[in-house]
Amino acid sequence: MDIFEQHQGTHILQSLDGFAFALSADGRFLYISETVSIYLGLSQVEMTGSSVFDYIHQQDHAELAEQLGINLAQSQSQNMAPSPGSVASDDGSSSSAAGASTPNLDRPLPVMTMNSNTLYKGMDRSFCIRMKSTLTKRGCHFKSSGYRVVLVLSHMRPQYSFGSHGGRGKQGAVSVMGMVAMAIALPPPSINEVRLESDMFVTRLTFEFRVAHCEPRVSDLLDYTAEELTGKNMYTLCHGQDVQKIRKCHIDLINKGQVMSGYYRLMNKSGGYTWLQTCATVICNSKNSDEQSIICVNYVISYAPKTWKMKPWTTKVQIESSARYHGADSRK
């Protein structure tokens with residue numbers, strides 16, 4: 001027991017399906033767990049102290065800077081000078097002999113702020129970005145080869161002050177100490193088989209987010225049959241308050257090739273809604289890159305409300321659980 005408690009932190013990190021990291025106010029890695037090598041093939045030692053933007057796809061820099069509240073234009077034009085021998089690659093990233101960009105220490109680096117006019121509110125953030133990965137095959141017919149999409153679940157740490165401004169700047173922006181986050185690496189598109197649990201089902205979507213195919217097992221989880229869902233658009237199936245979430249996932253999927261949605265509500269045919277979470281991946285045909293499709297693995301978070309009256313989609317397990325709930329098996 002003493003040995004387990006001594007290595008408890010290591011065991012917790014190894015049990016997580018991803019890696020943990022902490023960023024300073026200027027976007028540099030203060031800490032990143034050694035499990036990053038398992039999911040990205042990168043070195044903990046090399047990443048510590050480096051800028052997070054050195055390991056992010058260039059097309060995701062603007063989104064990450066907006067999430068962190070960092071003025072990216074100021075960072076690139078004034079504070080970051082390219083390393084000698086740096087070369088821009090075809091996929092938008094840059095490489096150099098030194099391996100990373102060199103900061104200009106003559107000027108202070110821009111820091112995180114919580115500005116009131118930002119698109120992202122609150123201290124908790126959830127977003128998908130592409131990070132460099134030495135484990136992702138290059139040259140394959142996948143979007144963003146050499147990168148892996150990760151879901152970042154983060155929390156901003158504000159800088160509390162007891163001065164006259166109450167921790168706010170001149171324009172009402174809250175200063176931030178940094179960010180702590182958990183990064184969950186999504187399954188790579190090269191995986192041909194995914195283990196499905198009893199609360200999961202697979203759908204295939206068109207690029208208009210219309211259901212092209214659905215597994216028959218969906219009738220065991222939702223009050224829809226596969227035929228009823230086929231041809232429906234996801235925007236018409238989801239709850240009205242979750243349309244913007246679906247739209248953001250749709251845009252990220254087209255740009256990044258893979259996305260993990262947040263929790264959203266799918267409207268039931270008989271009333272009410274069911275909470276779902278979806279991992280969507282753009283799959284390209286290895287022989288013809290123009291042939292693409294979207295494969296979605298859907299996780300059912302909450303089931304449709306059960307009634308005592310048996311419905312066509314009610315399974316044996318649901319009947320038994322409903323009977324126990326109503327006390328039908330406790331006759332004395």
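This report looks at two residues and the enclosed spaces of one predicted model.

Residues are numbered from 1 along each chain as its sequence is written. Because the model is predicted, local features need pLDDT of at least 70 and side-chain atom pairs count only at pLDDT 80 or more, while totals for chains, interfaces and linings use all residues, and side-chain values use heavy atoms, without hydrogens and water.

**Two residues**

Helices here are DSSP runs (H or I, at least four residues), numbered from the N terminus. Accessibility uses a 1.4 Å probe and protein chains only: buried means under 20% relative accessible area, exposed over 50%, and partly exposed in between.

| Residue | Place | Relative accessibility |
|---|---|---|
| His57 | loop between α4 (44-47) and α5 (61-68) | 3%, buried |
| Glu66 | helix α5 | 31%, partly exposed |

What does the side chain of His57 reach at 3.1 Å? The partner is the backbone nitrogen of Gln59. Glu66, for its part, lies 9.5 Å from Met112, C-alpha to C-alpha, although 46 residues separate the two in sequence.

**Empty space inside**

Rolling a probe the size of a water molecule over the atoms shows where empty space is left. On a 1 Å grid over the protein atoms alone, a cavity is a set of points where a 1.4 Å probe fits but cannot get out. There are four cavities of 30 Å³ or more, and the largest has a volume of about 210 Å³ (the space filled by probe spheres set on the points, which are joined across faces, edges and corners). Its lining has 21 residues (each with an atom within 4 Å of a point), and Leu205, Met234, Tyr264, Thr278 and Asn298 are the closest to its centre.

How values were computed:
Helix = DSSP H or I, 4+ residues; strand = E, 2+ residues; numbered from the N terminus. Polar contact = N/O pair within 3.5 Å; in protein donor to acceptor, adjacent residues only side chain to side chain. 1 Å grid on protein atoms, 1.4 Å probe; cavity = no way out; pocket = protein on both sides within 12 Å on 5 of 7 lines; lining within 4 Å.
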